[in-house]
Amino acid sequence: MMLPDEILEEIYKIREEHAKAFNYDPELIFADWLEKREEFEQEWKGKIIKNPLKKRKESISEGRV
């Protein structure tokens, strides 16, 4: 028997509230996700390291960390 997962329950709750806000219309829900993604990308543009592991390996091989 699996115990309830609080994190998953919270995700399900958020997804349900989001869908309800758009009257469960998949096109409107998807359009909102695209808009939020665009806003996120604009806010974080240039602040996110694309490949942090590669960058770290290069630093280690050069003797820096």
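Helix α2 has 19 residues and reaches 27 Å from its first C-alpha to its last, close to the 27 Å expected at 1.5 Å a residue. The model is predicted. Its chain comes to 3 helices and 0 strands, and the elements run α-α-α from the N terminus on. Buried residues make up 6% of the 65 residues in the chain.

**Helix α2 and its ends**

- Helix α2 covers residues 26-44.
- At the start of α2, a side-chain oxygen of D25 comes to within 2.9 Å of the backbone nitrogen of E27.
- Just after α2, G46 takes a positive phi of about 80°.
- F30 has its place in α2. With a relative accessible area of 48%, F30 is partly exposed, because the value falls between the 20% limit for buried and the 50% limit for exposed.
- F30 and A19 are 11 residues apart in sequence, and their C-alpha atoms are 9.8 Å apart in space.

**The loop between α1 and α2**

- Helix α1 spans residues 6-21, and N23 lies in the loop between α1 and α2.
- N23 has a positive phi of about 55°, although N23 is not a glycine.
- The relative accessible area of N23 is 64%, so N23 is exposed, the cut-off being over 50%.
- Y24 is also found in the loop between α1 and α2.
- Phi of Y24 is near 60°, again a positive value in a residue other than glycine.
- Y24 has a relative accessible area of 44% and is partly exposed.

**D32 and H18: a link between α1 and α2**

- D32 lies in helix α2, whereas H18 lies in helix α1.
- D32 is buried because its relative accessible area of 11% is under the 20% cut-off.
- H18 is buried too, with a relative accessible area of 16%.
- The side chains of D32 and H18 make a polar contact at 2.6 Å.
- Leaving aside neighbours within four places in sequence, D32 is in contact with H18 and F22.
- H18 touches I29, D32, W33 and K36, not counting residues up to four places away in sequence.

**Salt bridges**

- The structure holds 2 salt bridges.
- Side chains of opposite charge can pair when their charged atoms come close.
- One salt bridge joins the side chains of D32 and K36, at 3.4 Å from N to O.
- D32 and K36 both lie in α2, 4 residues apart, which is about one turn of the helix.
- An α-helix has 3.6 residues a turn, so residues three or four places apart point the same way.
- The two partners differ in exposure: D32 counts as buried at 11% relative accessibility, whereas K36 is partly exposed at 45%.
- K36 is also among the residues that H18 touches, and D32 makes its polar contact with the side chain of H18.
- In the other salt bridge, the side chains of R37 and E41 meet at 4.0 Å, N to O.
- R37 and E41 are likewise both in α2, 4 residues apart, about one turn of the helix.
- E41 counts as partly exposed, at 45% relative accessibility.

**Surface**

- The chain exposes about 6800 Å², and carbon and sulfur atoms supply 58% of this area.
- I7, L8, I11 and Y12 make a nonpolar surface patch of about 380 Å².
- Y12, one of the patch residues, is found in helix α1.
- Y12 has a relative accessible area of 43%, so Y12 is partly exposed.

Definitions and conventions. Residues numbered from 1 in each chain as written. Predicted model: local features only at pLDDT ≥ 70, side-chain atom pairs only at ≥ 80, totals over all residues. Heavy atoms only, no water. Helix = DSSP H or I, 4+ residues; strand = E, 2+ residues; numbered from the N terminus. Buried < 20%, exposed > 50% of the residue type's maximum accessible area, 1.4 Å probe, protein only. Expected span 1.5 Å × (residues − 1). Polar contact = N/O pair within 3.5 Å; in protein donor to acceptor, adjacent residues only side chain to side chain. Areas by Shrake-Rupley, 256 points an atom, 1.4 Å probe, with all protein chains shown as cover. Contact = heavy atoms within 4.5 Å. Patch = residues over 30% accessible without salt bridge, like charges linked within 9 Å, V, L, I, M, F, W, Y side chains within 5 Å.
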